Amino acid sequence: MFVDSVKIYVKGGDGGNGMVAFRREKYVAAGGPAGGDGGRGGDVVFVVDEGLRTLVDFRYQRHFKATRGENGRTKSQHGAGADDMVVRVPPGTTVIDDDTQQVIADLVMHGQRAVIARGGRGGRGNTRFATPANSAPEIAENGEPGQERYVRLELKVLADVGLVGFPSVGKSTLLSVVSAARPKIAAYHFTTITPNLGVVDIDEERSFVMADLPGLIEGAHEGVGLGHQFLRHVERTRVIVHVVDMAGSEGRDPYTDYVQINEELKLYNRKLEDRPQIIAANKMDIPGAEENLAEFKEKVGDVPIFPISAATNQGIRELMYAVADKLDEIPFLPDVEDVAEEETTVMYRAEQEGPGFTVRRDNETYVVEGEKLEKLVKMTNLNSHDSIQRFARTMRNMGVDDALRKKGAKNGDIVVIGKFEFEFVE
């Protein structure tokens, strides 16, 4: 099963909780606080494995949660950090945040790594809160929640050469002739519904990967037919072999087909307009093809054209050598070359800090929203009086109290922050 797009959930491990403890030893006077910090939660890390070819494994496991860090211990012992969760993906995988539609990572080279969801830091133990004014604090933080997000994985086949063209122009037949691939071949449209890959051996030193991609029709850039499922894979190819039915056996004009396919490529991604292209004028063994080819050459211009017949092997050798020579001129795509130089770089796009918080009134309740503030609630031990007092001071310093008063909050009104609900006290 070929799977090239899937949506999954990832969550970094939560940090371990800090510990409230005190040192009590017979010969140590005023031992003081001795609660250790919690350990760091594990990251969710994607690693490229060149042995994988599809995203089919993600059909059966869609949730990936890293392990949380260990809690702090007595005697100022810190909890152990959790190991990262490593998820293997095939080369050519693009990771996109499903909410913001931003590309988090573009993974193309074997061994390349990307942190997709980072783990939370461990909460601080009461040792960290000791001051001259409070030498025995009973305050400890909960661990920071790990980052969680829904991401969409899109696989763009990493082939050197992509065969494009209308349905039934002979792309699958050509691939079966020049490689050991055995794509489905039949006399009806859209026989190929997923990309087929084959390795073409030119000589002892040269070979390349060729992809037979699903056929295009008008409106493909908008998703018509197999639309984006096809066009996504063309982006990674270094050379496009445009297969044209020069005999017009389907009742279409070869030049019109050529122009229409190129227009669909351009409308999908303007970069494809400049991608090196070679025309394979197929079905030259059928009567009328020679006359059509002569007219075609007059209209096209300087694009290399190779008359071939995939059914009889006519001109196949010359076409493959021309493709190999063109590939020698462009070892990498411009947008992939920079990534290729650093195969094991960990890529992570830092999130921007939010505006702080907002206050809105919901009937008789005041709702305070803000990523930093909601995270602070989660990291506060609400069972500890000292921790709650510290949280109240922090809110006051952030200006939450003043913002609530401006909204009309009075003594006894209900305030909600995340899942934490309390009364407003003047």
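**Note on a predicted model: one sheet, one helix pair, one asparagine**

1. Strands β16 and β17 (residues 365-369) run antiparallel to each other and are joined by five bridges. Within this pairing, valine 359 has valine 368 of β17 as its bridge partner. The model is a predicted one.

2. The two strands belong to an open, four-stranded sheet with mixed pairing, ordered β16-β17-β18-β19. Its edges are β16 (358-362) and β19 (420-423), each of which pairs on one side only. From one strand to the next the twist averages 25 degrees.

3. Helices α3 (residues 254-268) and α4 (residues 289-300) have axes that come within 9 Å and cross at roughly 40 degrees. The crossing is classed as oblique because the angle falls outside the ranges for roughly parallel (under 35 degrees), roughly perpendicular (65 to 115) and roughly antiparallel (over 145).

4. On the α3 side of this helix pair, the residues in contact are Pro254, Tyr255 and Tyr258; on the α4 side they are Asn292, Phe296, Lys299 and Val300. By character, the contact comprises five nonpolar residues, one polar and one charged.

5. Asparagine 282 is part of strand β13 (residues 277-282). Its relative accessible area is 3%, which is under the 20% cut-off, so asparagine 282 counts as buried.

6. What does the side chain of asparagine 282 reach? The side chain comes to 3.0 Å from the backbone nitrogen of alanine 310. Beyond its neighbours within four places in sequence, asparagine 282 is in contact with Val169, Gly170, Val243, Val244, Asp245, Met246, Ala247, Ile308, Ser309 and Ala310.

Technical notes
Residues are numbered from 1 along each chain as its sequence is written. This is a predicted model: local features need pLDDT of at least 70, side-chain atom pairs count only at pLDDT 80 or more; totals for chains, interfaces and linings use all residues. Side-chain values use heavy atoms; hydrogens and water are left out. Buried means under 20% relative accessible area, exposed over 50%, partly exposed in between (1.4 Å probe, protein chains only). A polar contact is a pair of N or O atoms within 3.5 Å; within protein, one must be able to donate a hydrogen and the other to accept it, and residues adjacent in sequence count only if both atoms are side-chain atoms. Contact means heavy atoms within 4.5 Å. Axes are lines fitted to C-alpha atoms, for helices over the stretch in contact, and angles run from 0 to 180 degrees between N-to-C directions. Ala, Val, Leu, Ile, Met, Phe, Trp, Tyr, Cys and Pro count as nonpolar, Asp, Glu, Lys and Arg as charged, and the others, Gly among them, as polar. Two strands pair if DSSP finds at least two bridges between them.
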